[in-house]
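Hello,

Here is the structure I promised to pass on to you. Please open it alongside this note, and I will walk you through what turned up.

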Amino acid sequence: MSLANPKVGFVSLGCPKALVDSERILTQLKVEGYDLVPTYDDADVVVVNTCGFIDSAVAESLDAIGEALAENGKVIVTGCLGKREEIIREAHPGVLSISGPQDYASVMEAVHKALPPKHDPFINLVPRRPLAVDDSDIGIKLTPKHYAYLKISEGCNHRCSFCIIPSMRGDLVSRPVDQVLREAEKLAMGGVKELLVISQDTSAYGVDVKYAEREWRGRQYQTRMKALCEGLGELGMWTRLHYVYPYPHVDEIIPLMAEGKLLPYLDIPFQHASPRVLKLMKRPGAVDKVRERIHKWREICPDITIRSTFIVGFPGETEAEFEELLDFLDEAQLDRVGAFAYSPVEGAAANDLPDPVPEEVKQERLARFMERQAEISTAKLEAKVGSVQRCLVDALDGELAIARSMADAPEIDGLVQIQNGFEAGLKPGEFVDVEIMGSDEHDLYGEVQFAN
């Protein structure tokens with residue numbers, strides 16, 4: 001019998017929530033004695049964790065499956081696109097197995113079938129550790145050592161007309177607050193400096209379990225966003241909130257940001273600013289209240305960074321409604337903004353709406369939107385020149401250290417390029433105060449000031 005461990009290759013696609021799914025599968029593979037390898041040639045089987053949210057993600061996932069089949073031949077598919085099995089089977093009938101997101105047991109069953117774990121008479125006497133019995137267990141992480149994603153729930157109770165995520169990931173299922181806090185605590189003990197809290201709807205955390213109380217560190221915490229944030233604020237890490245709906249109770253966490261318990265950062269997908277378009281999207285449509293809330297947040301915490309995403313060219317969007325969106329940008333002065341031209345997603349209710357916007361109009365509006373936001377972003381970053389920003393170093397690049405300020409989430413926001421980072425002896429995962437010397441529409445440039 002060969003002494004070599006069976007080898008699994010892994011391709012992870014999609015959003016941070018899918019990345020956490022990949023981390024859990026990889027951890028279980030490692031626990032069961034599989035070696036994880038970086039190339040198709042070295043792998044005995046390849047697992048592809050797919051995304052299926054928009055057409056471009058579907059195409060990317062199908063391409064990745066096809067490449068794995070061509071290079072290796074034995075492929076197991078999981079993830080969001082797995083909920084649309086017929087698409088995968090039509091393109092790639094030779095895949096070994098298909099399962100949906102969070103279906104870790106099916107992935108492991110398929111791996112066992114294709115590649116039985118190596119028999120070890122000593123290890124096999126120990127009961128196999130069940131997968132994700134306690135989600136606070138820390139396993140393999142696919143992020144750098146100094147930051148990690150903390151997924152607090154699965155699924156979503158909303159039925160936005162452009163989105164099919166509930167059909168893929170189901171309704172909201174919140175993790176018990178004590179499990180989340182224990183995981184965060186272990187991450188802190190392991191050297192993580194920044195937590196990125198993720199879910200489909202962070203504001204709705206705990207509503208499905210009626211905000212049940214659990215104990216952590218001798219204190220009772222509700223399974224609720226504010227209580228979770230209070231607990232995370234005790235750990236001394238940067239804590240950054242993503243995918244927050246602008247519900248009134250979000251106001252309760254802004255003082256925690258002002259006190260330094262949370263990063264002064266909110267990722268809120270507003271999606272649009274026309275009440276009629278928002279109604280068509282089946283999104284919260286009280287735009288005037290959103291404006292008031294943003295103003296109030298900035299009064300309480302002047303340093304708050306607000307990032308958002310928007311969809312332009314939604315079916316039925318008129319030129320006047322698009323102008324409403326531009327006016328909202330001017331008024332709200334959001335710090336970080338992403339935008340997409342509407343793209344039909346198979347199975348989405350918005351596909352049946354009348355008056356689709358022509359593609360050339362969508363692209364023209366997208367360009368105008370991004371041009372307007374670039375002006376806002378440029379001015380906001382320029383206003384930081386001369387200030388000192390607390391930054392977290394991500395990497396070194398020659399003489400530069402590449403870092404992020406409190407206003408910058410990894411991969412989606414800007415960077416702070418520290419010109420004398422190598423000279424200052426900076427290392428990834430290190431906090432440093434940087435004097436900002438310059439800016440452009442995305443990034444800041446600065447130096448570490450040495451003591452005289």
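A word on terms before the strands: two strands pair if DSSP finds at least two bridges between them. Helices (H or I, at least four residues) and strands (E, at least two) are DSSP runs, numbered from the N terminus. Please keep in mind that this is a predicted model, in which local features need pLDDT of at least 70 and side-chain atom pairs count only at pLDDT 80 or more, while totals for chains, interfaces and linings use all residues. Residues are numbered from 1 along each chain as its sequence is written, and side-chain values use heavy atoms, with hydrogens and water left out.

Let me begin with the barrel. Five strands close into it in the order β16-β17-β18-β20-β19, with mixed pairing. On average, neighbouring strands of this sheet are turned by 50° against each other, direction ignored (axes are lines fitted to C-alpha atoms, for helices over the stretch in contact, and angles run from 0 to 180 degrees between N-to-C directions).

Within the barrel, β16 pairs with strand β17 (residues 400–405) in the antiparallel sense, over six bridges. Ala-395 has Ile-402 of β17 as its bridge partner. The two strands form a hairpin with two residues between them, and Gly-398 in the turn has a positive phi of about 65°. Strand β16 (residues 388–397) is also joined to strand β19 (residues 431–439) by five bridges, and this pair runs antiparallel. There, Cys-391 is partnered by Val-432 of β19. On to β18 (residues 416–418): three bridges join this strand to β17, again antiparallel, and Ile-402 has Gln-417 as its bridge partner in β18.

Towards the start of the numbering, strand β1 (residues 7–12) pairs in parallel with strand β2 (residues 35–37) over three bridges, and Val-8 is partnered by Leu-36 of β2. From β1 the chain crosses through helix α1 (residues 16–31) to β2 in a right-handed β-α-β crossover; right-handed means that, with the strands pointing away from the viewer, the path from the first strand over the helix to the second runs clockwise. β1 pairs in parallel with strand β3 (residues 45–50) as well, over five bridges, and Ser-12 stands opposite Asn-49 in β3.

One residue for you to look at is Glu-321, in helix α11 (residues 319–332). Glu-321 counts as buried because its relative accessibility is 8% (buried means under 20% relative accessible area, exposed over 50%, partly exposed in between, with a 1.4 Å probe and protein chains only). Leaving aside neighbours within four places in sequence, Glu-321 is in contact (heavy atoms within 4.5 Å) with His-272, Ser-274, Arg-276, Val-277 and Gly-316.

Best wishes
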